[in-house]
Amino acid sequence: MFITVHVATAVVISETISSRIIGFVAGVISHLFLDFFPHGDKGLKEWVEKTPKRKKIKILFVALTDILFVWVFAIFAMKRLPISNPEVAYWTSVGSAVPDLIWGLYIITGKRIKPLGTISKLHDKIQNTWKDNLSLKSGIAIQIPLLLSLIWAQINIPKL
Ligand SMILES: [Zn+2]
């Protein structure tokens, strides 16, 4: 799932949390929980592997696009979303990005750092719990309304 959706989820759940550390842990857990549901990563993988010569450039393109969207979302969230505790929202968001960052670091370092591998394998196992047969388009068609629903929830659900 795109990190943008994970971060938006983190912002919403951070409203129920008052500690940065609990926020961080909750962010990590929310990431793994969301990845449990099929979300089109298989379609994304197929698109990347369709042209072996351009695999690396495609991975870089997807990663940079996602980072760009996280950045745009973060600016939007800071300016437009009602957030009770920005510091907790920040640490929950960082936690929600960590599983993908660890996975990326593990791949970039040539799978040499073992502890990263252990976490990456757990992440993969959770992602593959259910057979994800969704195409890239279907995955995006699920994630965009999910992202919009999270923004709606952050604006409209009464704060504690
Ligand atoms: Zn993930």
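**Note on the helix packing**

1. Helix α7 runs over residues 136–156. Its 21 residues reach 30 Å from first C-alpha to last, close to the 30 Å expected at 1.5 Å a residue. Note that this is a predicted model.

2. Look next at the two sides of α7. G139, L150 and Q154 are buried in this helix. They cover an arc of only 35° around the axis, which puts them on the same side of α7. The other side of α7 carries exposed residues: K137, P145, L148, S149, W152, I155 and N156.

3. What do the buried residues of α7 pack against? Their partners are α1 (3–14) and α3 (41–49).

4. Take the α3 partner. The axes of α3 and α7 are 7 Å apart, and the two helices pack at an angle of about 135°. That makes α3 oblique to α7. Their crossing is left-handed. From α3, the residues in this contact are D41, G43, L44 and W47. They meet L136, S138 and G139 in α7. G139 is also one of the buried residues of α7.

5. Helix α2 covers residues 20–35. At 1.5 Å a residue, its 16 residues should span 22 Å; the end C-alpha atoms are 23 Å apart, which agrees. Buried here are G23, F24, A26, G27, V28, S30, H31 and D35. The buried residues of α2 pack against three helices: α1, α5 (86–108) and α6 (114–127).

6. How do α1 and α2 meet? They pack at an angle of about 130°, with axes 10 Å apart. The two helices are therefore oblique to each other. This crossing is right-handed. On the α1 side, the contact residues are H6, T9, A10, I13 and S14. On the α2 side, they are G23, A26, G27, S30, H31 and L34. Several of these α2 residues are buried, including G23, A26, G27, S30 and H31.

7. Now α2 and α5. Their axes come within 7 Å and cross at roughly 35°. The crossing of α2 and α5 is right-handed. α2 brings R20, G23, F24, V25, A26, G27, V28, S30, H31 and L32 to this contact. α5 answers with E87, V88, W91, T92, S93, V94, G95, S96, V98 and P99. Among the α2 residues in this contact, F24 and V28 are also buried.

8. Is α4 largely buried or in the open? Of its 26 residues, the number buried is 2, so α4 lies largely in the open. The helix reaches 37 Å from first C-alpha to last, close to the 38 Å expected at 1.5 Å a residue.

9. Two lysines in loops deserve a look. K53 sits in the loop between α3 and α4 (55–80). K53 is exposed, with 6 other C-beta atoms within 10 Å. The C-alpha atoms of K53 and L134 are separated by 24 Å, and these residues are 81 apart along the chain.

10. The second lysine is K111, in the loop between α5 and α6. Check its backbone: K111 has a positive phi of about 60°, although it is not a glycine. K111 is exposed, with 11 other C-beta atoms within 10 Å. The cut-off for exposed is 12 or fewer.

Key. Residues are numbered from 1 along each chain as its sequence is written. This is a predicted model: local features need pLDDT of at least 70, side-chain atom pairs count only at pLDDT 80 or more; totals for chains, interfaces and linings use all residues. Helices (H or I, at least four residues) and strands (E, at least two) are DSSP runs, numbered from the N terminus. The expected span of a helix is 1.5 Å times one less than its number of residues. A residue is buried if 20 or more other C-beta atoms lie within 10 Å of its own, exposed if 12 or fewer, and partly exposed in between; C-beta atoms are placed from the backbone. The arc is that of the directions from the helix axis to the C-beta atoms. Two residues are in contact if their C-beta atoms, placed from the backbone, lie within 7 Å. Axes are lines fitted to C-alpha atoms, for helices over the stretch in contact, and angles run from 0 to 180 degrees between N-to-C directions. Angles under 35 degrees count as roughly parallel, over 145 as roughly antiparallel, 65 to 115 as roughly perpendicular and the rest as oblique. A crossing is left-handed if the near helix is turned anticlockwise from the far one by less than a right angle, and right-handed if clockwise.
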